[in-house]
Amino acid sequence: MRHSQLKAFDAVAREGSFAKGAHLLNLSPPAVTIQVKSLEEAYGLTLFIRSGGKAILTSDGQALYDRTRRFFIEEEEIQNYLSASSALEKGHLKIAADGPHAALNIIAAFRERYPGIKLNVTLGNAETVRQDILAQRADVGITANCPESDRLVIDELSVQSMIALIPRAHHLSSRKGLSLPELMSEPLILRERGSNTRRVFEGAVRDLSLSYENELELGSREAVREAVAVGLGIGFLFEHEVLGDDRTVAVPLKELVDSNRDMVICLKSQLKRRAVESFVSLARTFAGTKDTSREVFS
């Protein structure tokens with residue numbers, strides 16, 4: 001067993017593909033493939049199922065990945081200690097976010113302060129971000145309404161309200177405020193299941209014992225905005241996600257005031273890493289909650 005074989009395996013497991021793992025290590029995909037294959041053959045294990053360009057961990061692979069992640073985190077901590085690089089002159093940080101509105105200002109400030117840190121940012125819905133953090137596919141996350149977990153450190157960044165996005169020609173577009181019961185018979189445009197927007201909306205619908213039937217499900221906030229703009233129905237977004245568009249009108253929803261809490265999250269074990277701790281501290285500063293951070297336990 002060689003260090004390079006474990007490093008290649010860990011990179012492929014973390015990224016979910018040989019090509020992306022090779023890119024992370026600045027190696028060619030064939031070189032990474034050879035390293036992983038040599039590791040598998042040396043110990044008679046199948047570590048990945050190769051399918052459609054993806055590398056899916058087997059049970060043996062997952063067990064090894066749990067150990068290599070701890071190993072390389074500890075290795076990085078040793079390297080950081082020995083180099084005493086308090087200025088964070090080099091390194092990498094993988095950030096997962098459920099949208100750009102809460103993340104980009106923090107990312108821009110971090111990049112300006114620590115230009116030597118290579119940043120990798122992925123966007124997904126709220127559940128994807130949470131799972132990426134728990135599975136250590138990302139180091140730090142910016143997401144909304146994250147469920148409590150004894151493995152996570154969670155800090156609230158900002159609070160938003162949900163609005164109804166309405167075509168300008170719609171008869172409700174002149175209203176200064178709306179209530180959810182007024183909208184249940186309208187054509188609705190909803191985000192995909194697993195998104196924070198959908199979860200908050202459906203929670204309010206359940207609490208009010210409401211029901212709806214005429215819905216169109218779309219996989220991004222950009223698609224929702226455009227669908228509303230062309231008159232397909234009424235959509236639901238959080239206030240910071242609404243862009244200036246003369247074709248639509250944003251109307252507050254009475255039941256969903258302050259229904260969204262943007263958060264920065266990371267694993268407790270990852271907070272020991274200097275880059276993660278610096279990012280979280282910077283996010284706390286942006287939120288004005290540097291002295292009110294909280295660890296959430298289930």
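# Exercises on strand pairing, helix packing and burial

In this predicted model, leucine 188 stands opposite glutamate 215 in β9.

## Exercise 1: the pair β8 and β9

Determine in which sense β8 and β9 pair, over how many bridges, and which residues of β8 are buried on each side.

Solution.
1. Start from the facing residues: Leu188 is opposite Glu215, a residue of β9.
2. The two strands, β8 and β9, pair in the parallel sense, and four bridges connect them.
3. On one face of β8, Leu188 and Leu190 are buried.
4. On the other face, Ile189 and Arg191 are buried, so that both faces of β8 are covered.

## Exercise 2: the five-stranded sheet

Give the strand order of the open sheet that contains β8, and explain why β9 and β11 each have a side without a neighbour in the sheet.

Solution.
1. The order is β9-β8-β10-β7-β11, with mixed pairing.
2. β9 (215–218) and β11 (248–252) stand at the edges; each has a single partner strand, so one side of each lacks a neighbour in the sheet.
3. On average, and ignoring direction, neighbouring strands of this sheet are turned by 35 degrees against each other.
4. At the β11 edge, strand β7 (residues 162–167) runs antiparallel to β11 and is joined to it by five bridges.
5. Isoleucine 166 faces valine 249 of β11.
6. Helix α8 (residues 221–229) lies across β7, β8, β9, β10 and β11, and runs at about 140 degrees to β10.

## Exercise 3: α1 against α2

Classify the crossing of helices α1 and α2 by angle and by handedness, and list the residues in contact.

Solution.
1. The axes of α1 (residues 3–15) and α2 (residues 18–25) come within 7 Å and cross at roughly 120 degrees.
2. Because roughly perpendicular covers 65 to 115 degrees and roughly antiparallel needs over 145, α1 is oblique to α2.
3. The crossing of α1 and α2 is right-handed.
4. From α1, the contact takes in Lys7, Ala8, Ala11, Val12 and Glu15; from α2, Phe18, Lys20, Gly21, Leu24 and Leu25.
5. By class, the residues of this contact of α1 with α2 are six nonpolar, one polar and three charged.

## Exercise 4: α2 against α3

Classify the packing of α2 and α3 by angle and give the residue classes in their contact.

Solution.
1. The axes of α2 and helix α3 (residues 29–43) are 8 Å apart, at an angle of about 105 degrees.
2. Since the range for roughly perpendicular is 65 to 115 degrees, α2 is roughly perpendicular to α3.
3. Phe18, Ala19, Ala22 and Leu25 of α2 meet Pro29, Val32, Thr33 and Val36 of α3.
4. The contact of α2 with α3 has seven nonpolar residues, one polar residue and no charged residues.

## Exercise 5: glutamine 136

Decide whether glutamine 136 is buried or exposed, and name its contacts beyond four places in sequence.

Solution.
1. Glutamine 136 lies in the loop between α6 (126–134) and β5 (140–144).
2. The relative accessible area of glutamine 136 is 13%, and buried means under 20%, so glutamine 136 is buried.
3. Leaving aside neighbours within four places in sequence, glutamine 136 is in contact with Arg14, Tyr65, Arg69, Ile73 and Leu267.

## Exercise 6: the whole chain

State what share of the chain is buried and what share of the contacts between residues at least 6 apart joins residues at least 24 apart.

Solution.
1. The chain has nine helices and 13 strands.
2. Of its 298 residues, 48% are buried.
3. Among contacts between residues at least 6 apart in sequence, 74% join residues at least 24 apart.

Definitions and conventions: Residues are numbered from 1 along each chain as its sequence is written. This is a predicted model: local features need pLDDT of at least 70, side-chain atom pairs count only at pLDDT 80 or more; totals for chains, interfaces and linings use all residues. Side-chain values use heavy atoms; hydrogens and water are left out. Axes are lines fitted to C-alpha atoms, for helices over the stretch in contact, and angles run from 0 to 180 degrees between N-to-C directions. Angles under 35 degrees count as roughly parallel, over 145 as roughly antiparallel, 65 to 115 as roughly perpendicular and the rest as oblique. A crossing is left-handed if the near helix is turned anticlockwise from the far one by less than a right angle, and right-handed if clockwise. Contact means heavy atoms within 4.5 Å. Ala, Val, Leu, Ile, Met, Phe, Trp, Tyr, Cys and Pro count as nonpolar, Asp, Glu, Lys and Arg as charged, and the others, Gly among them, as polar. Two strands pair if DSSP finds at least two bridges between them. Buried means under 20% relative accessible area, exposed over 50%, partly exposed in between (1.4 Å probe, protein chains only).
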